[in-house]
Amino acid sequence: MIIIAEKLNGSIPSCAKAIAARDEEYIKDMAKKQADSGADFIDVHAAVNEGEYEVLKWMIDLVQSVTDCPIAVDSPDVDIILKAMPLCNRPGMFNSVSLEGGKIDVAFPILAKPENKKWAIMVLLNGETTIPKTAGERIVVFDTIMAKAKQYGIEDSRIHIDPLIEMLCTTDDGEGISMVLEVMAHIKKTHPKVHISGAISNISFNLPVRKLVNQAFAALAISAGMDSAVMDPLSHDLRGVIYAAEAMMGLDDFCAEYTSAYREGIFGVKK
């Protein structure tokens, strides 16, 4: 699993408080903890209405002062991300782009340039004006996005598709889950080198004991092909479920990675 660490996000109250107070130690400590816990990317999202670029720069500089883990530069504004990319010491992740408002046609030509070809790209399955409500509609959006990627010469292996994981409690009879899993199956069948990603914790909003819902969804999603996730790398239980699910899917020969993770204490269980 490619882990995109989620904790440096201004939409999280504790992080928002640290950003407002310009608490450098909070940002550095959280960055280091996530990197030390095995994050492949550290997501950095300011989530402020004014001065977003300046806050992103401040956060990125602090993260890079304590770790060389690649950064996922996160903003709904593609122009802000493009402006912030040169701040990063090494290629990271562009988070994110979609068909909405022609964002892809702004970002893809720049991301296709030789100097940017090592950047991963998170792509949301938003339509041009709305969020598609059915699997069929999201598959049409996905196919359109992949045609755009081919047009600009962007390799499938750089792309992380977020099929738009929504709250479980707002769907009837698990309809939302089956729809997302159907989209994931289409992605893996038609473009096996594309990564399937998304924010695991979105599924459990407004539910009690959220960690149980997150763990159950992670296992289901991995079975459908998810190999990338925006998640909390500090969650021992979630990490354990991911390693176990990957082993059961035949993605871990002789359970070597599962056993190694246990020995390293990743599950938070004493040997």
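A residue counts as buried when its relative accessible area is under 20%, and Ser98, at 2%, is buried by that cut-off. Welcome to a quick tour of this predicted model. Its strands form an open sheet of eight, paired in parallel, and its side chains make eight salt bridges. The points below start with the sheet, move on to Ser98 and two of the helices, and finish with charges and cysteines.

**The sheet**

- Reading across the open sheet, the strand order is β7-β6-β5-β4-β3-β2-β1-β8, and the pairing is parallel.
- The edges belong to β7 (195-196) and β8 (228-231); each has a single partner strand, so one side of each is left without a neighbour in the sheet.
- As general background, strands of a sheet pair through backbone hydrogen bonds, either parallel or antiparallel.
- For a closer look at one pairing, take β1 (residues 2-5) and β2 (residues 41-45), which run parallel and are joined over two bridges.
- Within that pair, Ala5 has Ile42 of β2 as its bridge partner.

**Around Ser98**

- Ser98 sits in the loop between β4 (93-97) and α5.
- Beyond its neighbours within four places in sequence, Ser98 is in contact with Lys103, Ile104, Leu124 and Asn126.
- The Ser98 side chain also reaches the backbone nitrogen of Glu100, at 3.1 Å.
- If you would like a yardstick across the fold, the C-alpha atoms of Ser98 and Val183 are 16 Å apart, with their positions 85 residues apart in sequence.

**Helix α7**

- Helix α7 covers residues 175-190, and its 16 residues should span 22 Å at 1.5 Å a residue; the end C-alpha atoms are 23 Å apart, which agrees.
- Val183, the far end of that yardstick, is one of the buried residues of α7, along with Gly176, Ile177, Met179, Val180, Met184, His186 and Ile187.
- The cover over these buried residues includes α6, β6 (159-162), β7 and α8.
- Among the elements in that cover is β7, which is also one of the edge strands of the sheet.

**Helix α9**

- Helix α9 has 13 residues and reaches 18 Å from its first C-alpha to its last, close to the 18 Å expected.
- Its buried residues are Leu238, Arg239, Gly240, Ile242, Tyr243, Ala245, Glu246 and Ala247.
- Those buried residues pack against β1, α8, β8 and α10 (256-263).
- Just after α9 comes Gly250, with a positive phi of about 75 degrees.

**Salt bridges**

- Of the eight salt bridges in the structure, three are described here, starting with Lys32 and Asp36, whose closest N and O atoms are 2.8 Å apart.
- Lys32 and Asp36 are four residues apart in helix α2 (residues 24-36), so about one helical turn separates them.
- In general, an α-helix has 3.6 residues a turn, so residues three or four places apart point the same way.
- Lys32 is partly exposed at 40% relative accessible area, whereas Asp36 counts as exposed at 56%.
- Lys148 and Asp105 form another salt bridge, with their closest N and O atoms 3.1 Å apart.
- This pair links distant parts of the chain, 43 residues apart: Lys148 lies in helix α6 (residues 135-152) and Asp105 in helix α5 (residues 103-111).
- Asp105 is partly exposed, at 34% relative accessible area.
- Asp237 and Lys211 meet in a salt bridge as well, at 3.6 Å from N to O.
- Here too the link is between distant parts of the chain, 26 residues apart, with Asp237 in helix α9 (residues 236-248) and Lys211 in helix α8 (residues 210-224).
- Both partners are partly exposed: Asp237 has a relative accessible area of 39%, and Lys211 has one of 48%.

**Cysteines**

- How many disulfides are there? The count comes to zero.
- Cys88 is in no disulfide, because a disulfide needs two cysteine sulfur atoms within 2.5 Å and the nearest cysteine sulfur to that of Cys88, belonging to Cys69, is 11 Å away.
- Is Cys88 buried or exposed? Cys88 is buried, with a relative accessible area of 12%.
- Cys255, by contrast, is partly exposed, with a relative accessible area of 34%.

Notes:
Residues numbered from 1 in each chain as written. Predicted model: local features only at pLDDT ≥ 70, side-chain atom pairs only at ≥ 80, totals over all residues. Heavy atoms only, no water. Pairing = 2+ DSSP bridges. Buried < 20%, exposed > 50% of the residue type's maximum accessible area, 1.4 Å probe, protein only. Salt bridge = Lys/Arg side-chain N within 4 Å of Asp/Glu carboxyl O. Contact = heavy atoms within 4.5 Å. Polar contact = N/O pair within 3.5 Å; in protein donor to acceptor, adjacent residues only side chain to side chain. Expected span 1.5 Å × (residues − 1).
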